[in-house]
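Q: I should like a close look at enclosed space in this structure. Which residues line the largest cavity? Please then continue into the surroundings of some individual residues.

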Amino acid sequence: MLRMALALVFSLLLTGVAQAEDVTGSPAPDRSATGGAQTLEDIMARQRGEPVDDAFRRDNIGDPEAAPGAAQLAPLGGASDPELWRAMRYGSADLSTSARGSGSAMLMQDGGMWWLNFRQGPLITYGGWLLLGTLGALILFYLLRGKIGIDEPMTGRTVTRFKFIERLAHWMLGGSFILLGFTGLFVLLGRKFIAPYLGHEFNSTLLTVSKLVHNNVAWAFILGLFMVFVMWVWHNIPDRTDIKWFAQFGGIIGKNHPPAKKFNGGQKIIFWSVILFGGSIAVSGVSLLFPYELPLMAKTFVLLNDIGAPGWVGMAPLPTELSPQEEMQFTQLWHAIMAFVLMAIVLAHIYIGSVGMAGASDAMTTGEVDEAWAHQHHSIWLDEVLAAEGKEPRDAKPKDATPAE
């Protein structure tokens, strides 16, 4: 399932690239008046996002064989400075550098515009609507359903829902993700939405601080993710009780409150969403911090090509030879897409744990919940806790009870 989702997302990312490279059937413009250089029509077509055959520039990188004899003055032979820069731009220049990194010879990259356009266009548009739509849906649900109350009278007796170490891991994970979400949004939206209204200097300072916070708080997120996984994975394995929980909509719709263990079906979805999406965010984030040491996308594309994933959505095989810059572009987009999805899920989780359900916040603040709350939402777990303490389950019949005649 994850492989299919990965293939689908990258098919959307690569659509713009494929369209930009598809120049079949495009009539060649008349460049005789410009000596073979690009025309105003070429420039306007690129600005409109239309495909342009740039072979007249890509292939126009000079011809050393056509250089004049010993009397020639040009030290570059048959290649002028403009032709040399064109060769650098299209990656066909014969370069040697003192640095030996994988991207050291990449002085100019011509493939960054599709990434910038996608980042400033579909990524912000669809990601923004996802967050705003989630907030709107939660507000509407609250207005229609209201807060989920506790049907039984409070007992005054509490049970330990989460230990200190569990709450520490939860707040480390949640708090760091909130910081990462805000700083990531600042970096993504700053040029388009912050600088025009608050000024470039303010935006520059904000983004500099956001980058420092983002790069360092990321390690707390990874640690919290690991701790949460180790402590709660065994409680979040799906079982039969989840079927009944979903059949009754978890008690959110209607008055029925199905039995549940320590985590109900909805919480298990939240857990695995955090682990899978959060894990993908963490891995791609580390790759962005160390792009030359931990490239991901070329290897991922090889695996997707091997299982034929691009063909599932009618695409050609994905590129497997990527420059370090292209690796970072694909990784950054994937990182942002996964973050938007997880932010929407976390918004729903915050709603349920705060204003959406009475008594839910106690579980992650004091760690103690009233027995009435536990019986309503996690009755199986409550019986297990009471049994471990040598107490009778809440639904157990008194020992001296006699059957009715």
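A: The account below starts with the overall fold, turns to the cavity, and ends with individual residues.

The model is predicted, so local features need pLDDT of at least 70 and side-chain atom pairs count only at pLDDT 80 or more, whereas totals for chains, interfaces and linings use all residues. Residues are numbered from 1 along each chain as its sequence is written, and side-chain values use heavy atoms, with hydrogens and water left out.

The protein has 15 helices and 2 strands (DSSP runs, H or I of at least four residues for helices and E of at least two for strands, numbered from the N terminus). Of its 405 residues, 35% count as buried, that is, under 20% relative accessible area, with over 50% called exposed and the range in between partly exposed (1.4 Å probe, protein chains only). Among contacts (heavy atoms within 4.5 Å) with a separation of 6 or more, 71% join residues 24 or more positions apart.

The structure holds 1 cavity of 30 Å³ or more; a cavity is a set of points, on a 1 Å grid over the protein atoms alone, where a 1.4 Å probe fits but cannot get out. The largest cavity has a volume of about 40 Å³, taken as the space filled by probe spheres set on points joined across faces, edges and corners. The residues that line the largest cavity, meaning those with an atom within 4 Å of a point, are Ser287, Leu288, Pro291, Leu294, Pro295, Leu296, Pro324, Glu327, Met328 and Thr331. Two elements, helix H9 (265–289) and helix H12 (324–356), each give two or more residues to this lining. H12 gives the most, with 4 residues. By class, the lining comprises 7 nonpolar, 2 polar and 1 charged residues (Ala, Val, Leu, Ile, Met, Phe, Trp, Tyr, Cys and Pro count as nonpolar, Asp, Glu, Lys and Arg as charged, and the others as polar).

Helix H9, which contributes to the cavity lining, also carries lysine 268. Lysine 268 counts as buried because its relative accessible area is 5%. Apart from neighbours within four places in sequence, lysine 268 is in contact with His235, Asn236, Ile237, Pro238, Asp239, Asp242 and Phe263.

One of these partners, isoleucine 237, belongs to the loop between helix H7 (200–232) and helix H8 (240–247). Its relative accessibility is 39%, so isoleucine 237 counts as partly exposed. With neighbours within four places set aside, isoleucine 237 is in contact with Asp242 and Lys268. In space, the C-alpha atoms of isoleucine 237 and tryptophan 272 are 9.4 Å apart, while in sequence the two residues are 35 residues apart.

Asp242 is in contact with lysine 268 and with isoleucine 237; asparagine 264 touches Asp242 as well. Asparagine 264 is found in the loop between H8 and H9. A relative accessible area of 11% makes asparagine 264 buried. Besides Asp242, asparagine 264 touches Trp245 and His378, not counting residues up to four places away in sequence. Asparagine 236, one of the residues in contact with lysine 268, lies 8.2 Å from asparagine 264, C-alpha to C-alpha, although 28 residues separate the two along the sequence.

Helix H7, on one side of the loop that holds isoleucine 237, contains alanine 218. The relative accessible area of alanine 218 is 17%, and the residue therefore counts as buried. Alanine 218 touches Leu180 and Val213 once residues up to four places away are excluded. The C-alpha atoms of alanine 218 and leucine 173 are separated by 9.7 Å, with their positions 45 residues apart along the chain.

Helix H12, the other element named for the cavity lining, leads to a further position. Glycine 356, the end residue of H12 (324–356), has its C-alpha atom 9.3 Å from that of phenylalanine 141, although the two are 215 residues apart along the chain. Phenylalanine 141 is placed in helix H5 (residues 112–145). Its relative accessible area is 27%, so phenylalanine 141 is partly exposed. Outside its neighbours within four places in sequence, phenylalanine 141 is in contact with Gly146, Ile252 and Tyr351.

Methods:
1 Å grid on protein atoms, 1.4 Å probe; cavity = no way out; pocket = protein on both sides within 12 Å on 5 of 7 lines; lining within 4 Å.
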